[in-house]
Amino acid sequence: MSYRKNTYDVLKELNSDVQKGLSAKQVASRRLEYGKNELQKQAKKSLLSLFLEQFKDPMVVILLVGALVSVCLKELMDALIILFVIVMNALIGVVQEFKAEKALDALEQLASPKAFVVRDGYLREIAASQLVVGDIVELEAGRYIPADMRLLSSHSLKVEESTLTGESEPVEKDAQLIYHEDMPIADQHNMVFMSTFVTYGKARGIVVRTGMNSEVGKIAAMLSHAQEEQTPLQVRLAHLSKVLGVICLSVCVAMFVLAMAQGRNLFDMLMLSISLAVAAIPEGLPAVVTIVLAMGVQVMSKNNAIVRKLHAVETLGSVSVICSDKTGTLTQNKMHVVRCWCSGEYDHPDKELLSGITLCNNAIAQQGEIIGEPTEMALIEYAAAQGIDKNDWELRYVRVNEIPFDSKRKRMTTLHQSAAGCYAYSKGAVERILESCTHMKQGTQIVKLNAYERGRIQSAAAQLSADALRVLAVAYRKVSDPYQSGVEQEMTFVGLVGMIDPPREEVKTAIETCRHAGIEVVMITGDHPLTALAIARQLGIAKQEKQVIDGRTLDELSDAQLQEQLQDIRVFARVTPEHKVRIVSAFKQQGHVVAMSGDGVNDAPSLKHADIGIAMGKNGTDVCKQASDMILADDNFATIVTAVEQGRNIYANIQKAVLYLLSCNLGEIMSLFLAIMLMPNVTSTLSAIQILWVNLVTDAFPALALGVDPKDRFIMQEKPRDAKESLFAHGGMIFTVLNGMLIGTMTLVAFRYGLNTSQEMAQTMAFMVLSISQLFHALNLRSRTHSIFQVGIGKNKWLLLTILFSITLQIMVSQLPIFQMLLKTVALPLSSWLIVFTLSISVIIINELSKWFAQSEGHSSTKEQ
């Protein structure tokens, strides 16, 4: 048991080196021995099981009953066609489910956690799943602990272990502890465990258990059976499918009863009713939504927006406020020190300033490159340019203690032992460093820090901030004991460092896009108000100082006062994580749907509180990523805006697919029910087999093609969608009903015309018009407000190919003898084909005229205003 052994014994037992870690050869052999550092997941369903599951659907069972009835009545051809339709539908379902599953698996891989590990003497970042027993791992605040580890060294380490022990308060850890008796997990304070995370401090540990051998691996069986949650839209559509299913079944039963009362053939009417029920009941709606969502998030991942939770895609389309972090999101996160201020002079760095930014720094210089956080990397580069080598300096000044940075203190302090004594160096926000200083370095002298000198320092900091520079202050002091209390008091102020982090070029355009789309952009940053305002002005977020508020002023405002001023505030500066939660709450209380970005461990509460929590993929902590709904692989604000646009498009495409399916189903019901009701002495509009064929050819494929419709160039000119609005909002229900009636009417017109020749001709013409008009109607769904010529008739190549293929198939069904025998059709002359296509294309013409009238009225009302 590792917690009962000292660090030397653990290292010896696992044949590892605290400085060099494992060699590549050791890693390879241990991976063969222990396997990947992963928890077992629920076994994926095989293609065969996916195929067999398709036959559990009630509609398939009804069809099988129909096939059995056909066999009993010796209608073998009908039975074979029904079985063909069942198998084809099953295959389509398998392909759709398999593609959706693969898409979600790919996203899971993209969001997998990473770990900093020492191997062959060098620190490197690898996937946590690649860790093996004996690996030396670096831990810091915000990092998930990737395996069970015995701590080798620790500095003020606190770990949140609620996932394992249920204890909500972070637990203090100490590598020096050794236990001489068995201890429960919660009391093993020299160990850290997989799936917990660091809330404060830093440490180095050695991996002692991985994967299913870890403590959390022992409860993995319970975790693997978690049910996949449906999105609100999926739940609503599943309910809608059931309601519409009951209505459709009622209509089919009514149609069957009416046909029997008219003395029609029992078998024909039974098969027709069964077929219509199968075709008209929209049981596939939730499946279409799942597929479109899965395919949509796969496209989003290629554009650097990794969606962790499917519900986020729905919510993205409703976002009305984006609260964005500044550093790295609105800016390039390419820090460069461009100015400094020491002893009242600019750009003449003092040796103590260079020592401070080199030693009070967790970046690592190795093999000619610097690894670490961008700000600290920039400080090392600046010091190196002045002749200070970090590795050399750390040999002269050995770090013996550290008080880590956190968002409340806004500072970091390290303590170093040298030949000349023990020194504490501190860097952080100007006001926090000044609070702790009683003296300042003036050339080679140490002088009292009076009010005049404080004013000079604050004035210099304000000047640097006004130039859009991020400003850090540095201070130091000599101490007698590196572990004494109060090391951050009575310090000596050394100087200021000004770093530039230029705005991303594409962000200004993205913010302008947000403005047109009715989305407000708010900057939230820990930087000085003047620095934040300077960047906000460059990006077009804010123009005046009154649009900026800092954390201290925010504390003085009541919730009511904040609500009053919220509409005018565009920049929140010097804020804490608690402020971020309050800001998000304030916007939500005003009815906004809020997207919030963050990267630190303390940003997790605000990300969870927001409607859409967005974590940074490059510089975000593991905790932040786990709390988020979406991860930005490139940490770029423009990606958030692109994701909002894609979210709007995905929702719009789902809406297109749903309205298409329902209007087509309504057309089928109307054409059959009205014909039986109004023309009792003639055959039904379509045969049972023809209805099943229409369901196979004109329903699934066009709906899926609409689901991947290219982005609508007008969509970011619309206001955000109300999160509670129905899929049938803005005239969607009227559109669906009217188009269903139109398709049904055109089918009946074709049927009535064909009766002048024969009943077979009538059924064939109705069959052609019903299927081809539905295919043409798919083009109407490209946009319900703009002409198909405005949105680009040829942009959705999949839809065009589907329409062309299906129309070609319908022509073959009518003209080729083999299909005539199977589907009971007859060859149509050219004149009949002209009528078929005229009636079918009228669906497009009438919709185009409707859009033109609506746009004309809109322009007229705009002119009057």
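**Exercise 1. Classify H730 by exposure and backbone angle.**

Solution. H730 is exposed, with a relative accessible area of 67%. Exposed means over 50% relative accessible area, buried under 20%, and partly exposed in between (1.4 Å probe, protein chains only). The model is predicted, so local features need pLDDT of at least 70 and side-chain atom pairs count only at pLDDT 80 or more, while totals for chains, interfaces and linings use all residues. Residues are numbered from 1 along each chain as its sequence is written, and side-chain values use heavy atoms, with hydrogens and water left out.

Next, locate the residue: H730 sits in the loop between helix 26 (700-707) and helix 27. Helices (H or I, at least four residues) and strands (E, at least two) are DSSP runs, numbered from the N terminus. Finally, take the angle: phi of H730 is positive, about 55 degrees, although H730 is not a glycine. Most residues other than glycine have a negative phi.

**Exercise 2. Do the same for D347.**

Solution. D347 is placed in the loop between strand 11 (345-346) and helix 12 (351-359). Its phi is near 65 degrees, a positive value in a residue other than glycine. With a relative accessible area of 38%, D347 is partly exposed.

**Exercise 3. Find the strands that pair with strand 16, and state how covered strand 16 is.**

Solution. Two strands pair if DSSP finds at least two bridges between them. Start with strand 15 (residues 411-418), which pairs with strand 16 in the antiparallel sense over eight bridges. One of the contacts sets H416 against its bridge partner Y423 in strand 16. The connection between strands 15 and 16 is a hairpin through two residues.

Then take strand 19 (residues 469-479): its pairing with strand 16 is antiparallel, over seven bridges. Here C422 stands opposite V479 of strand 19. As for cover, eight of the eight residues of strand 16 (residues 421-428) are buried.

**Exercise 4. Check the length of helix 30 and sort its residues by face.**

Solution. The expected span is 1.5 Å times one less than the number of residues. For the 19 residues of helix 30 (residues 797-815) this gives 27 Å, and the end C-alpha atoms are 27 Å apart, which agrees. Seen down the axis, the buried residues of helix 30 fall within an arc of 160 degrees, so they line one face. The arc is that of the directions from the helix axis to the C-beta atoms. Among the buried residues are L799, I803, I807 and V813. On the other side of helix 30, K797, L801, L804 and F805 are exposed.
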